[in-house]
Amino acid sequence: MYKIDLEKEEQEIARRYRDLLQDTYQFLSDEDKILIRKAFDVAKDAHKDQRRKSGEPYIYHPIAVAKIVAYDIGLGAVGIAAGLMHDVVEDSEDYTVEKMRDLFGDKIATIIDGLTKIEFIKHQDVSVQTENYRKLLLTLSEDVRVILVKLADRLHNMRTMEFMPPHKQIKIASETLFIYAPLAHRLGLYSIKTELENLSLKYTEPKLYNEIKRKLRETKEEREDYIRDFSQKVKERLDDEGFEYTIKGRPKSIYSIYKKMTSKNVNFEEVYDKFAIRIIFKSTPKNEKFNAWKIYSIVTDNFRPNPSRLRDWISQPKSTGYEALHTTVMGLNHRWVEVQIRSYRMDEIAEKGIATHYKYKHNSKETESNLEVWINKIKDVIENENLESNEFIDNVKLNLYAKEIFVFTPNGDLKSLPKGSTALDFAYDIHSKIGDTCSGAKVNGILRPISHVLKSGDNVEILTSSTQKPNPNWLDIVHTSRARSKIKTALKEERKKIAQEGKEILSRKLRHLKINMNEATVNSLVTYFKATTSQDVFFKVGTGEIDSKDLRSFSEDSQGGIYNIFKRFRRKSNNTPVQKDPPKSNLDLLVFGHDEEKLDYTLANCCNPIAGDQVFGFISVNQGIKVHKENCPNAISLRANYNYRILPAKWVDSSDRPFTTKIQLKGLDRMGIVTDITNLITRKLHVEMRGINLNSNDGIFDGKLKLHVKNKTELGKILGELKKIKGIKSVERSNK
């Protein structure tokens, strides 16, 4: 148990503070030193009455955070000061953001304000993980140092979590694995990312963690001997060539071994690439690339490389700024060894990430541009307020962890996209207008559909059409959050436009039936047609799903028309307030994921969801997908601890989902008939055409159309309109 000794604690605080400054003094100005001392004094005063769970003075924590900020991340005086004071506003009533602004100026106050907002969100009754994540990422556009200090804070908390109760340990570790490790990865802080992953595993899977740690310890001597023997052969050649270099053994992390074991269902001994070395060489910026490839040549002269494992991150750095050559070679005793080759500059950027990247930015403008492009993509996702919780997190995770491909524009510009991106993703990456009108692409000179999946090195030219516009099926095609967000925005605008047209059509048709279009009538229409809102009714009228025949039925079924409707409402208002029935809905089909797939599931007994509830799917170990309500008592626990097993889910109206149909046409051939058909389908009826094939023989044509329609009513309208086109003699639905 911790014993309090105030005199010894004061000595320890002073020692830790000196230790923080020991290596930073060489690059700090006198002004910087004054700033850091002032920040330390404020932090010490603000936390003077606080202690950690261990019983130690709380000030130990901010000093440790500042040390991580200085040494592991490489920030300067402003970052160190912010690290010292990151909890001051939250934990002390004596210090407000405005007071911090008066004491330290705008820069530090903005960083501390951002950190305070992140902490404040934790205590709100909201979807904690999502809102915390959103707030955290919003600070990217304000000052990236907010996130860097927050990562340092999280790292020290993870290092000292043994004093927390077990349930808190699991929750914090899960959140770290889900949010903070991917962020560290994306910001190029690979050593911090690795430590966060390992520490998270220590609490989420303690048995496996300890087993892997023990086996690594037992095999440490063997691995070190092997790496030493392997390196010796390379050293001789490097010395002959006059290189200044360092060779380090790089043991695979506990977490990465765990991932290999679980994903490939193998044991520790079967994880083949536990051996790795890193060759770090001295070079001028001008000769870095040449020297890296020269060292690669030396390595592969001695050991046979695996061609499929070569990664050139020097010619095209990762968007995090990471640069290196990676290769895997067959080493001694037929064991695979991963070799990483990087200069001292590259190594510093790889270890300290974004902060060091800015230090070298005058040499790496392209890298800086890539980083800013990524930050802008994240902002696009954050600012899309229509995204649901699961969708928001999934979209951001895609941007954080996805492997990259690099494709060329016709002008030779290089674009980075997540692996799995399609031609349509590429179109939206260029501009939303190009995406909205994308009709296809030329990939390496060959015509390809918008769904074509791109590969690194592809040369892509986007083809557009003024008649093209987004449709719901595009959401199944795209892979990036940016494209998905832009398509949804366009679909909402289109739906709004069709609903407006439908409202005008409805007004005319009701006038023809001698029915006044007012609030009472619209409410009756919503109930009669089992819609959710008035906009749904207008939209269905605009698409033809509700036609004149349906409206006549409504008139007849309303007990003699509109006069009885008025009478019914008037009679109720004279006695008791009108109790409107809640809008009914045809939400009868449960779908999962962004692709809205139909999957087998069972409803959870803990919350008993019914059709129309806001729900999510949870992949259980033995019982498949269990569906829970969003406000289920177990929801927060499931999300905090097993978020990787959560599936987005929602109820939909099965009758409103588009289906593919084929139409057989026959008639007299004439010039312009194809144009008339396509204009009718796409421009007038706003229906997606998936294919058209017409064959002509001696003035007679027959052909097929492949369309996406919402329902039989819409199909009937299309068949009727096609018959009106000059030259068409027969139109029928085809089953072939």
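In which sense, left-handed or right-handed, do helix 9 and helix 11 cross? In this predicted model, the crossing of helix 9 with helix 11 is left-handed. Two packed helices are described by the angle between their axes and by the distance that separates those axes. For helix 9, which spans residues 145–159, and helix 11, which spans residues 190–204, the packing angle is about 35° and the axes lie 10 Å apart. On the side of helix 9 the contact is formed by L151, R154, L155, M158 and R159, while helix 11 contributes I192, E195, L196, L199, S200 and Y203. Sorted by class, the residues of this contact comprise seven that are nonpolar, one that is polar and three that are charged.

The chain in which this helix pair is found has 736 residues, 47% of which count as buried, and it contains 30 helices and 20 strands. Among the contacts in the chain with a separation of 6 or more, 67% are made by residues that stand 24 or more positions apart.

Burial can be followed within a single element in helix 6 (residues 97–104), where V97, M100 and F104 are buried. When helix 6 is viewed down its axis, these buried residues fall within an arc of 55°, and they therefore line one face of the helix. An α-helix has 3.6 residues a turn, so residues three or four places apart point the same way. Helix 6 is followed by G105, a residue whose phi is positive, near 90°.

A glycine with positive phi is also present in a hairpin, which is formed by strand 7 and strand 8 with five residues between them, and in whose turn G412 has a phi of about 90°. Strand 7 (residues 404–408) and strand 8 (residues 414–418) run antiparallel and are joined by five bridges, and within this pairing E404 has P418 of strand 8 as its bridge partner.

Further along the chain, three strands form an open sheet in the order 10-9-11, with antiparallel pairing. Strand 10 (446–448) and strand 11 (460–464) are placed at the edges with a single partner strand each, so that one side of each has no neighbour in the sheet. On average, and with direction ignored, neighbouring strands of this sheet are turned by 30° against each other. Three bridges connect strand 9 (residues 438–443) with strand 10 in the antiparallel sense, and V443 stands opposite I446 of strand 10. Helix 20 (residues 423–430) packs on this sheet, where it touches strand 9 and strand 11, and its direction makes about 85° with that of strand 11.

A second open sheet to be described is built from five strands in the order 12-16-14-15-13, and its pairing is mixed. Its edge strands are strand 12 (587–592) and strand 13 (602–603), each of which pairs on one side only. Strand 12 and strand 16 (residues 646–653) run antiparallel and are linked by five bridges, with V652 in strand 16 serving as the bridge partner of L589. This sheet, too, is accompanied by a helix, since helix 28 (residues 635–642) lies across strand 14 (615–619), strand 15 (625–629) and strand 16, and runs at about 50° to strand 14.

Key
Residues are numbered from 1 along each chain as its sequence is written. This is a predicted model: local features need pLDDT of at least 70, side-chain atom pairs count only at pLDDT 80 or more; totals for chains, interfaces and linings use all residues. Side-chain values use heavy atoms; hydrogens and water are left out. Axes are lines fitted to C-alpha atoms, for helices over the stretch in contact, and angles run from 0 to 180 degrees between N-to-C directions. Helices (H or I, at least four residues) and strands (E, at least two) are DSSP runs, numbered from the N terminus. A crossing is left-handed if the near helix is turned anticlockwise from the far one by less than a right angle, and right-handed if clockwise. Contact means heavy atoms within 4.5 Å. Ala, Val, Leu, Ile, Met, Phe, Trp, Tyr, Cys and Pro count as nonpolar, Asp, Glu, Lys and Arg as charged, and the others, Gly among them, as polar. Buried means under 20% relative accessible area, exposed over 50%, partly exposed in between (1.4 Å probe, protein chains only). The arc is that of the directions from the helix axis to the C-beta atoms. Two strands pair if DSSP finds at least two bridges between them.
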